[in-house]
Structure formats: structure tokens, C-alpha cells
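Let's take a walk through a protein chain together. Have the sequence and the 3D view open side by side, and pick out each residue as it comes up.

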Amino acid sequence: MGLLDTLQSVKNEGFDAKNDKVNQSQRLEPGNYPVRLKSAQAGQSKAGRDQIAIALEVVSGENKDRQELIFVSFDDELPPFVLEKNGRILLKIAAMVCCRSFIKRRWETIQNGINDCAQ
């Protein structure tokens, strides 16, 4: 799509250049979407916490090509409920990308880590 086509598309969507914000919410509505794992990268947040950044991309339907970024951290200073939620997110994504053998081999280590954090 070229520049003129892009501008026309934005205009047709109802964007009001005088009143609307440039950065409109790009969040997906709650629901189930067919996605692919685009990337997973270990790094640090701006606050200096170790984290994993996971990028998912919707592969079909109305939201095709939309991306969702998920950041999970297992920093010791986080509250136990956050650590548990992040553990569930990581296990869900691992199961989604068919890492069942990884989950099976590492389940005891993961479970012990979650239990230690909850104490």
C-alpha cells in the first residue's frame, strides 16, 4: 500500500486529524485468536528487571497480522501472585508451541520455583 492509499484508508476509518490522538489503542479485544510465536527474547526491563519479551502474531481472521507483546518477569521482588501468573503465561505459551517435552522435563524445576516464590 502506498502513501496515498494509506492516507485514504486512515481517512475512511474516520480519523479526525484535528481531534483524534495519533496513538490509538492497538490492543486486541478479549477472545481467542490463532497466533504464531514470532519471537521470544530474554532481556531487561527499563527498571532493570530480568524479563522475557514474547511477540505473538495473529495469523488469520479480522485481526490478521496484528501483534501482541507479552513481557514476563520472575524477579524475586515481584509479589507471589504476579510470579504465579507469569509462570502460567509462560507454560501456556510453551504448550501452544508444542514444547510438551520441555514442559515435561522441566516441570519439577518450574513447580519448585513457583512454590519457592509463593512462600
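Start by clicking on Leu 56. If you skip its neighbours within four places in sequence, Leu 56 is in contact with Val 35, Arg 36, Leu 37, Lys 38, Arg 66, Gln 67, Glu 68, Ile 70 and Met 96. Keep in mind that what you're looking at is a predicted model.

Which residues make up the largest nonpolar core? Leu 56 is one of them, and the others are Ile 54, Ile 70, Val 72 and Ile 93, which makes 5 residues in all. Strands E2 and E3 each supply at least two residues of this core. This fits a general habit: in soluble globular proteins, nonpolar side chains tend to be buried together. Over the whole chain of 119 residues, 15% count as buried.

Now for the strands themselves. E1 covers residues 35-44 and E2 covers residues 50-58; the two run antiparallel, with 9 bridges joining them. To see one pairing, find Ala 42 and look across to its bridge partner in E2, Ile 52. The hairpin of E1 and E2 has 5 residues between the strands, and there Gly 48 takes a positive phi near 90°.

Carry on past E2 and you get to the loop that leads to strand E3 (67-73), where Asp 65 sits. Asp 65 isn't a glycine, yet it has a positive phi of about 75°.

Next, head back towards the start of the chain, to helix H1 (residues 3-12), where you'll find Leu 7. Is H1 largely tucked away or in the open? The number of buried residues among its 10 is 0, so H1 lies largely in the open. Leu 7 also joins Leu 3 and Leu 4 in a nonpolar patch on the surface, and together they have about 360 Å² of accessible area. Here's a handy bit of helix geometry: an α-helix has 3.6 residues a turn, so residues three or four places apart point the same way. After H1 comes Gly 14, with a positive phi near 95°.

Finally, zoom out. The chain has 3 helices and 3 strands, and along the sequence they follow the pattern α-β-β-β-α-α. Among contacts with a separation of 6 or more, 29% are between residues 24 or more positions apart. As for the outside, the chain exposes about 9700 Å², and carbon and sulfur atoms supply 52% of that.

Definitions and conventions:
Residues numbered from 1 in each chain as written. Predicted model: local features only at pLDDT ≥ 70, side-chain atom pairs only at ≥ 80, totals over all residues. Heavy atoms only, no water. Pairing = 2+ DSSP bridges. Helix = DSSP H or I, 4+ residues; strand = E, 2+ residues; numbered from the N terminus. Core = buried A, V, L, I, M, F, W, Y, C linked by side-chain atoms within 4.5 Å. Buried < 20%, exposed > 50% of the residue type's maximum accessible area, 1.4 Å probe, protein only. Contact = heavy atoms within 4.5 Å. Patch = residues over 30% accessible without salt bridge, like charges linked within 9 Å, V, L, I, M, F, W, Y side chains within 5 Å. Areas by Shrake-Rupley, 256 points an atom, 1.4 Å probe, with all protein chains shown as cover. Salt bridge = Lys/Arg side-chain N within 4 Å of Asp/Glu carboxyl O.
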